Amino acid sequence: MIYTITANPSIDYVLQLDELTPGAVNRTTSDVKLPGGKGINVSRILHELQLDSTALGFVGGATGSMFEELLDQHHLQTDFTKVANDTRINVKINATKQNEETEINGTGPEISAEEKSTFIDQLKSVGSGDVVIMSGSLPKKVEDTFYLDIAKMIQDQGTDFVIDTTGQALLDTLPLNPLVVKPNNHELADLFQTTFKSEQDIVDNARKLLDQGAKHVLVSMAGDGALLVTKEHVYKANAPKGTVINSVGAGDSMIAGFVGTFMKTNDPIESFHEGAACGSATAFSQDIAVKSKIDEVYQNISITQLS
């Protein structure tokens with residue numbers, strides 16, 4: 001089983017306006033409420049790929065009930081920990097004429113020690129053959145080491161894990177041998193306080209993550225495609241042609257495609273191909289990509305072995 005953890009899920013209230021005028025009354029042309037969270041995005045892609053997952057996280061209050069209702073339409077398997085405080089609302093304002101998007105993100109509920117303990121207890125049953133994917137921000141009163149502590153615990157249980165994070169938090173997980181890490185090229189450069197002058201520079205720095213313990217490294221490079229770096233080889237996926245509509249969730253989709261396919265095939269190259277297709281398909285969609293779009297994009301991606 002694949003478990004996705006979204007510690008701080010949200011209702012994403014997306015507002016469409018012709019023009020946003022600060023300090024004035026603005027009226028929408030349309031609006032939509034979506035279940036948000038990086039782990040939720042992962043589970044949605046896995047569902048499109050007809051792969052089972054269980055979505056975990058903290059939900060609470062009236063907004064938590066609405067969040068679960070919105071999620072019901074996606075037919076995901078969930079096992080959320082109920083908390084006393086409300087699930088957050090994130091507001092995303094799209095101003096058409098200005099071609100601008102403004103985001104106002106809530107901080108999320110305050111999690112008690114008892115609620116956190118209940119959540120941790122759920123993970124004591126995972127074991128060999130399972131994968132836990134952790135991503136997204138943390139709610140209040142949850143330590144910065146929350147994901148790292150979970151990784152240590154489940155590693156002792158023989159469970160693979162993925163943490164979608166950056167900076168020192170990413171480096172701290174590497175000795176625990178994450179199944180895959182997925183920085184983009186800018187995040188990778190920041191990680192080692194350098195700049196890249198060539199694709200080989202990117203590969204050389206990706207290998208540092210392998211040396212420190214990662215099993216696979218994916219590096220997304222926007223319009224330049226993506227790289228998969230393993231201990232034996234380096235592969236590149238081209239960037240398929242298409243109009244980028246929504247980059248939100250593209251990285252989550254890439255992780256879902258890679259991890260889900262790897263669990264099924266144990267083939268990193270095919271997993272990379274599927275992951276690249278999922279990421280691009282979501283970028284070319286208004287929302288998280290559907291299976292037909294993923295399959296279409298898959299046909300336009302080729303994988304080349306560089307070394």
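**View 1. Packing of helices H1 and H8 in the predicted model.** H1 and H8 pack with their axes 8 Å apart, at an angle of about 50°. Angles of 35 to 65 degrees fall outside the roughly parallel and roughly perpendicular classes, and H1 and H8 are therefore oblique to each other. Their crossing is right-handed.

**View 2. Residues at the contact of H1 with H8.** From H1 come Lys-38, Asn-41, Val-42, Ile-45 and Leu-46. On the H8 side they meet Asp-252, Ser-253, Ala-256, Gly-257 and Gly-260. By class, the residues of this contact are four nonpolar, four polar and two charged.

**View 3. The largest nonpolar core.** This core has 36 residues, and those with the most contacts inside it are Ile-45, Ile-133, Val-162, Val-259, Phe-272 and Ile-294. At least two residues each are supplied by helices H1 (38-48), H8 (250-265), H9 (268-283) and H10 (291-298), and by strands S9 (131-135), S12 (226-229) and S13 (234-237). H8 gives the most, with seven residues. In soluble globular proteins, nonpolar side chains tend to be buried together.

**View 4. Surroundings of Ile-133.** Leaving aside residues up to four places away in sequence, Ile-133 touches Ile-2, Tyr-3, Thr-4, Ile-5, Val-42, Val-162, Ile-255 and Val-259. Of these, Val-162 and Val-259 are, like Ile-133, among the residues with the most contacts inside the largest core.

**View 5. A second nonpolar core.** Separate from the largest core, this one has 23 residues, including Val-126, Val-142, Leu-148 and Ala-151.

Methods: Residues are numbered from 1 along each chain as its sequence is written. This is a predicted model: local features need pLDDT of at least 70, side-chain atom pairs count only at pLDDT 80 or more; totals for chains, interfaces and linings use all residues. Side-chain values use heavy atoms; hydrogens and water are left out. A nonpolar core is a set of buried Ala, Val, Leu, Ile, Met, Phe, Trp, Tyr and Cys residues joined through side-chain atoms within 4.5 Å. Buried means under 20% relative accessible area, exposed over 50%, partly exposed in between (1.4 Å probe, protein chains only). Helices (H or I, at least four residues) and strands (E, at least two) are DSSP runs, numbered from the N terminus. Contact means heavy atoms within 4.5 Å. Axes are lines fitted to C-alpha atoms, for helices over the stretch in contact, and angles run from 0 to 180 degrees between N-to-C directions. Angles under 35 degrees count as roughly parallel, over 145 as roughly antiparallel, 65 to 115 as roughly perpendicular and the rest as oblique. A crossing is left-handed if the near helix is turned anticlockwise from the far one by less than a right angle, and right-handed if clockwise. Ala, Val, Leu, Ile, Met, Phe, Trp, Tyr, Cys and Pro count as nonpolar, Asp, Glu, Lys and Arg as charged, and the others, Gly among them, as polar.
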